[in-house]
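Got a minute to go through a fold together? Here's the model, and then we'll take it question by question.

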Amino acid sequence: AAAPNHRPAARAMAPKKAAGQDDDWEQLLDPSADSRLPATHRIIFVINALMLTAIPVYLYASIFDLNVDENAPVYGAASVVTAVLLILACQTRSKNVRNRLFKSRNVELPSTSALRQMENKPKDKKSLEQEAKRNEVDQEALALSLSYTNALFLFSVVIVTFFVLRTSTPQINYGVSTAGSGIVVFYLATRS
């Protein structure tokens, strides 16, 4: 037998909407809505990943004499894969840290406060304090995810480059060390 549809009962319990107000309260009940990161964080993650992938390019161009013009396909492919992995790792780690901080500090989730606002209650002092705490948690999660991801990636690149693959050709060394380090960082971000 099919599972019963609980939408009508949920709709009956929804707060009454004012004139001109969207009927998006169901979206606010979505548990994944609380795990979304602010757009500014995503932009920072992209910029960080691009700058972080440029560091091994400089390292290989200067120390290993791996010319950028001659080896553009190697640099391009490995850098794109690594940048995507670093962006995903930063986002995953930031979400995990943010959720842990929300729980440990008893901060009200954004969806809960959004439902309260839909009931047309004015923002009181407690709501403003919760919003300030959420912003503080967001900033801490951003800083912790960036610092951990950057440090782990750079450490991993150095270890793989100078110790593990020191006898391989510079092209293989670059591709494996950067993409491999990106994979390690992403894997560890999903495990936390």
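A quick definition before we start: a residue is buried when its relative accessible area is under 20%, exposed when it is over 50%, and partly exposed in between. Keep in mind that this is a predicted model.

Q: Which residues of α3 are buried?
A: Apply the under-20% cut-off along the helix. The cover for its buried residues includes α4, α6 and α7. The list that comes out is His41, Phe45, Asn48, Ala49, Leu52, Thr53, Pro56, Val57, Leu59 and Tyr60.

Q: What is the secondary structure of the protein, counted in helices and strands?
A: Reading from the N terminus, the elements go α-α-α-α-α-α-α. That gives zero strands, and the helix count is seven.

Q: How many Å does α3 reach from its first C-alpha to its last?
A: This helix covers residues 39-62 and has 24 residues. At 1.5 Å a residue you'd expect 34 Å, and the model comes close to that, at 35 Å.

Q: What about α4: how many Å does that helix reach from its first C-alpha to its last?
A: α4 covers residues 72-104, which makes 33 residues. The expected value at 1.5 Å a residue is 48 Å, and the helix is close to it, with a reach of 47 Å.

Q: Is Pro56 buried or exposed?
A: Pro56 sits in helix α3. Setting aside neighbours within four places in sequence, it is in contact with Phe153, Val157, Tyr174 and Thr178. Its relative accessible area is 1%, so against the under-20% cut-off Pro56 is buried.

Q: Which residues does Thr53 touch, leaving out those up to four places away in sequence?
A: Thr53 is another α3 residue, and with a relative accessible area of 6% it is buried. Its contacts beyond that sequence window are Ser79, Thr82, Ala83, Leu86 and Tyr174.

Q: Which residue forms a salt bridge with Asp138?
A: The structure holds three salt bridges. In the one made by Asp138, the closest N and O atoms are 2.6 Å apart. Asp138 is in helix α6 and its partner is in helix α4, 40 residues away along the chain. Both residues are buried, and the partner is Arg98.

Q: Which residues are linked in a network of salt bridges?
A: Glu136 pairs with Arg105, with the closest N and O atoms 3.6 Å apart. Glu136 lies in helix α6 and Arg105 in the loop between α4 and α5, so this pair ties together parts 31 residues apart in sequence. Arg105 also bridges to Glu140, here with 2.8 Å between the closest N and O atoms. The network is therefore Arg105, Glu136 and Glu140.

Q: Is Arg105 buried, partly exposed or exposed?
A: Use the cut-offs again: under 20% is buried and over 50% is exposed. Arg105 has a relative accessible area of 33%, so it falls in between and counts as partly exposed.

Q: What is the phi of Asp65, in degrees?
A: Most residues other than glycine have a negative phi. Asp65 is not a glycine, yet its phi is positive. The residue lies in the loop between α3 and α4 and is exposed at 64% relative accessibility. Its phi is about 50 degrees.

Q: What is the area of the nonpolar surface patch that includes Val164?
A: Val164 is found in helix α6 and counts as exposed, at 56% relative accessibility. Its companions in the patch are Ile63, Phe155, Val158, Ile159, Phe162 and Phe163. Together these residues make a patch of about 650 Å².

Q: Over which residues is the pLDDT below 50?
A: The mean pLDDT of the protein is 81, with 73% of its residues at 70 or more. Where pLDDT is low, the predicted coordinates should not be read in detail. Two stretches to treat that way are residues 7-14 and residues 19-23.

Terms used:
Residues are numbered from 1 along each chain as its sequence is written. This is a predicted model: local features need pLDDT of at least 70, side-chain atom pairs count only at pLDDT 80 or more; totals for chains, interfaces and linings use all residues. Side-chain values use heavy atoms; hydrogens and water are left out. Helices (H or I, at least four residues) and strands (E, at least two) are DSSP runs, numbered from the N terminus. The expected span of a helix is 1.5 Å times one less than its number of residues. Buried means under 20% relative accessible area, exposed over 50%, partly exposed in between (1.4 Å probe, protein chains only). Contact means heavy atoms within 4.5 Å. Patches are made of residues with over 30% relative accessible area and no salt bridge: like charges are joined within 9 Å, nonpolar side chains (Val, Leu, Ile, Met, Phe, Trp, Tyr) within 5 Å. Accessible areas come from the Shrake-Rupley method with a 1.4 Å probe; for residues, only the protein chains shown count as cover. A salt bridge is a side-chain nitrogen of Lys or Arg within 4 Å of a carboxyl oxygen of Asp or Glu. pLDDT is the predictor's confidence in each residue, from 0 to 100.
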